[in-house]
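Trainee: I am new to this structure. Can we go through it step by step?
Mentor: Take a look, then ask away.

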Amino acid sequence: VQLQAFGGGLVQPGGSLRLSCVASGRDFTIRAMGWYRQRPGEQRELVARISDTDGTKYADPVKGRFAISRDSAKNTVFLQMNSLRPDDTALYHCMIDYLDRSNIIFLNFGQGTQVTVSS
């Protein structure tokens, strides 16, 4: 399964961005999709996750500011980011947790899209 993300860029503090990520491939069943981010010199961390079984989950720093949603028919996940702060600056990676046709679980990350919050 391949992931392609869109929507990163440069935004001023307090501004908004919307990320989207499309999953493509054959014979797979999505268990969950989400977003992680990685700042230079730091480990990758969960931002938000969405699944049919567990609903939505957010990291504490983004609760109330970010919203994750999904278009299941299009295998697409979105991340609406509002009230952005300079410490949200990071490379944002799309994530997919899926089953292949043999019911083997896979976890993939996309290349990432850069989000920079700066005046």
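Trainee: Is Arg101 buried or exposed?
Mentor: Keep in mind that this is a predicted model. The cut-off for exposed is over 50% relative accessible area. Arg101 has a relative accessible area of 70%, so Arg101 is exposed.

Trainee: Which residue meets the side chain of Arg101 in a salt bridge?
Mentor: Side chains of opposite charge can pair when their charged atoms come close. Here the N to O distance is 3.4 Å. The partner of Arg101 is Asp27.

Trainee: How many residues apart are Asp27 and Arg101?
Mentor: Asp27 sits in the loop between β3 and β4. Arg101 sits in the loop between β9 and β10. The salt bridge thus links distant parts of the chain, 74 residues apart.

Trainee: Is Asp27 exposed or partly exposed?
Mentor: Partly exposed covers the range between 20% and 50%. Asp27 has a relative accessible area of 44%. That makes Asp27 partly exposed.

Trainee: How many salt bridges does the count come to?
Mentor: Asp27 with Arg101 is a salt bridge. Arg85 with Asp87 is another, with the closest N and O atoms 3.3 Å apart. The count comes to 12.

Trainee: Which residues do salt bridges that share partners join into one network?
Mentor: Start with the salt bridge of Glu42 and Arg39, where the closest N and O atoms are 3.3 Å apart. Both residues belong to the network. Its members are Arg37, Arg39, Glu42, Glu45, Arg65 and Asp88.

Trainee: Is Arg39 buried or exposed?
Mentor: Its partner Glu42 is partly exposed, at 40% relative accessibility. For Arg39 the value is 19%. Buried means under 20%, so Arg39 counts as buried.

Trainee: Which cysteine does a disulfide join to Cys21?
Mentor: A search of the whole structure finds 1 disulfide. Its S to S distance is 2.1 Å. The partner of Cys21 is Cys94.

Trainee: How many residues apart in sequence are the parts that this pair ties together?
Mentor: Cys21 lies in strand β3, and Cys94 lies in strand β9. The pair therefore ties together parts of the chain that are distinct in sequence position, 73 residues apart.

Trainee: Is the link of Cys21 and Cys94 left-handed or right-handed?
Mentor: Both cysteines are buried. The angle about the S-S bond is -90 degrees. The link is left-handed.

Trainee: What is the order of strands in the open sheet of 4 strands?
Mentor: The pairing in this sheet is antiparallel. β1 and β7 stand at the edges, each with a single partner strand, so one side of each has no neighbour in the sheet. The order is β1-β3-β8-β7.

Trainee: Which residue in β3 is the bridge partner of Gln2?
Mentor: β1 and β3 run antiparallel and are joined by 5 bridges. Gln2 has its bridge partner in β3. That partner is Ser24.

Trainee: What is the phi of Asn103?
Mentor: Most residues other than glycine have a negative phi. Asn103 is not a glycine, yet its phi is positive. Asn103 is found in the loop between β9 and β10. Its phi is about 60 degrees.

Trainee: Where does Ser83 lie?
Mentor: Ser83 also has a positive phi, about 50 degrees, although it is not a glycine. Ser83 is partly exposed, with a relative accessible area of 42%. Ser83 lies in the loop between β8 and β9.

Technical notes: Residues numbered from 1 in each chain as written. Predicted model: local features only at pLDDT ≥ 70, side-chain atom pairs only at ≥ 80, totals over all residues. Heavy atoms only, no water. Disulfide = S-S within 2.5 Å. Helix = DSSP H or I, 4+ residues; strand = E, 2+ residues; numbered from the N terminus. Buried < 20%, exposed > 50% of the residue type's maximum accessible area, 1.4 Å probe, protein only. Salt bridge = Lys/Arg side-chain N within 4 Å of Asp/Glu carboxyl O. Pairing = 2+ DSSP bridges.
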